[in-house]
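Trainee: I'd like to learn how to read a model feature by feature. Could you walk me through one?

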Amino acid sequence: MSENTFDKVVVHPLVLLSVVDHFKRSKQAPQKRVVGCLLTEGPPEKTLHITNSFAIPFDEKLEKPDVWFIDHNFLETMFEMHKKVNAKERIVGWYSTGPSIRKSDLDIHEIFRKYTQDPAFVIINVHQGDEALEIPVKSFRSIEEVKKDGQESKRTFKHCPSEVGAFEAEEVGVEHLLRDIKDTTVNNLTTNIGSKISALKGFKERLNEMSKYLQDVLAGKLQPNHLIISNIQDIFNIGLNLDTNNLNSQISITNNDMTLTIYLSSMVRSVIALHDLIENKIQNREIEKRLRMESFKKSQKKEEEKLKQRKENNEKKK
């Protein structure tokens, strides 16, 4: 058993991608969840960096929370295989797609205490929703809770600070991955508008945080930090100056240029569509005319053959 005491959990991008892939491949119902093992490298530290993970076969009955199954043999076999690839890796806890703590989680947590003294329990939300701006990670550790009488005690989960982080090499890989991801089911215009809205929401939250910090400094609740204030000043210096007199006219000119381009492109598409329609009708008329001529020639040929046949019959009779 490895010792593992921590005050903060940092989940790396590879773990998030692996968990989402695990959930998508399992094709579980929305109310069901998947479970897996969390790994890290290096000696124990106060900040626990979760750098790798793997899925574990798991099933439970929703109507009976006490009935569940986890494959211990698969867990140990997979961990041994990971050790062969990277001998520094060790088990530090487990993950669930939650989205909240369930009754059986303490029992599952006890299984992982066989592999590490203080395992981390991480709930990773794989469902998209209005809380998309929040990090999809919640971390917990189990503690011994002693009752007031001091006679009985039980284990319970305690929330730990968590964040999503990455090493420099991981950041480069994630940037390239996100650059190549394209959702073919969504229009580019819809995607661009959605990304702009998300960016504006995030920007609004950051502005609220800076405003709250400055108000706390003015009220004497916090000591002024010159580095933070300097960074805030740099941010506003980089931002767009909305007080200029020419801003409205510039925005209006840009908007008119874009609208004119859209209008012209619509007219061009309409003209091309009308041209194709006229060409199609002309071609249809030509084809119809040719078919009529061929039909007329065939009927004439048949009449000539009949006349010729009649003449031959009359000559034979004579």
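**Reading the model, feature by feature**

Mentor: Let's start with helix H1, residues 13-26: its 14 residues reach 20 Å from the first C-alpha to the last, close to the 20 Å expected at 1.5 Å a residue. Keep in mind throughout that this is a predicted model.

Trainee: Which residues of H1 are buried?

Mentor: Burial is read from relative accessible area, with under 20% as the cut-off. In H1 the buried set is Pro13, Val15, Leu16, Val19, His22 and Phe23.

Trainee: And Ser26, what is its place?

Mentor: Ser26 belongs to helix H1 too. Its relative accessible area is 30%, so Ser26 is partly exposed. Its side chain reaches back to the backbone oxygen of Phe23, at 2.8 Å. Across the fold, the C-alpha atoms of Ser26 and Pro57 are 9.8 Å apart, although 31 residues separate the two in sequence.

Trainee: What is the phi of Lys27, which follows H1?

Mentor: Positive, near 55 degrees for Lys27.

Trainee: Let's zoom out. How many helices and strands are there in the chain?

Mentor: The chain has seven helices and 11 strands. It runs to 318 residues, of which 24% count as buried. For the wider wiring, take contacts between residues at least 6 apart in sequence: 64% of them join residues at least 24 apart.

Trainee: Now aromatic pairs. How should I describe one?

Mentor: A pair of aromatic rings is described by the distance of the centres and the angle of the planes. A search of the whole structure here turns up six such pairs. Take Trp94 and Phe121: their centres are 4.1 Å apart with 15 degrees between the planes, and the pair is stacked.

Trainee: Which strands hold Trp94 and Phe121?

Mentor: Trp94 sits in strand S7 (residues 90-96) and Phe121 in strand S8 (residues 120-124), so this pair ties together parts that are 27 residues apart in sequence. Both Trp94 and Phe121 are buried.

Trainee: Why is the pair of Phe121 and Phe157 called tilted?

Mentor: Look at the angle: the planes of Phe121 and Phe157 meet at 40 degrees, with the ring centres 5.2 Å apart, so the pair is tilted. Phe157 is in strand S10 (residues 153-160) and Phe121 in S8, so the pair ties together parts 36 residues apart in sequence. Phe157 is buried, as is Phe121.

Trainee: Which residues do ring pairs link into a cluster?

Mentor: Trp94, Phe112, Tyr115, Phe121, Phe140 and Phe157. There's also a charge over a ring to look at: Arg141 lies over the face of Phe6, 5.0 Å from the ring centre.

Trainee: Asp105 next. Is Asp105 buried or exposed?

Mentor: Check the accessibility: it is 0%, so Asp105 counts as buried. Asp105 lies in helix H3, residues 105-112.

Trainee: With which side chain does the side chain of Asp105 make a polar contact?

Mentor: That of Arg33, at 2.8 Å. Then read the wider contact list, leaving aside neighbours within four places in sequence: Asp105 is in contact with Arg33, Trp94, Ser100, Phe121 and Phe157. Three of those names should ring a bell: Trp94, Phe121 and Phe157 are among the residues of the aromatic cluster.

Trainee: What does Ser139 touch, not counting residues up to four places away in sequence?

Mentor: The list for Ser139 is Val9, Phe121, Val122, Lys158, His159, Cys160 and Ser162. Ser139 itself is in strand S9, residues 137-146. Its relative accessible area is 1%, so Ser139 is buried.

Trainee: Cys160 came up there. How many disulfides does the structure hold?

Mentor: Zero. For cysteines, look at burial as well as at pairing. Cys160 has a relative accessible area of 4%, so Cys160 is buried. Cys37 counts as buried too, because its relative accessibility is 0%.

Trainee: One loop to finish. Where is Pro44 found?

Mentor: In the loop between strand S2 (35-40) and strand S3 (47-50). Its relative accessibility is 46%, so Pro44 counts as partly exposed. Compare sequence and space once more: Pro44 and Val92 are 48 residues apart along the chain, while their C-alpha atoms are separated by 9.4 Å.

Notes
Residues are numbered from 1 along each chain as its sequence is written. This is a predicted model: local features need pLDDT of at least 70, side-chain atom pairs count only at pLDDT 80 or more; totals for chains, interfaces and linings use all residues. Side-chain values use heavy atoms; hydrogens and water are left out. Helices (H or I, at least four residues) and strands (E, at least two) are DSSP runs, numbered from the N terminus. Buried means under 20% relative accessible area, exposed over 50%, partly exposed in between (1.4 Å probe, protein chains only). A polar contact is a pair of N or O atoms within 3.5 Å; within protein, one must be able to donate a hydrogen and the other to accept it, and residues adjacent in sequence count only if both atoms are side-chain atoms. Contact means heavy atoms within 4.5 Å. A disulfide is a pair of cysteine sulfur atoms within 2.5 Å. Rings of Phe, Tyr and Trp (its six-membered ring) pair if their centres lie within 6.5 Å; planes under 30 degrees apart count as stacked, over 60 as edge-to-face and the rest as tilted. A charge sits over a ring if NZ of Lys or CZ of Arg is within 6 Å of the ring centre and within 35 degrees of the ring normal. The expected span of a helix is 1.5 Å times one less than its number of residues.
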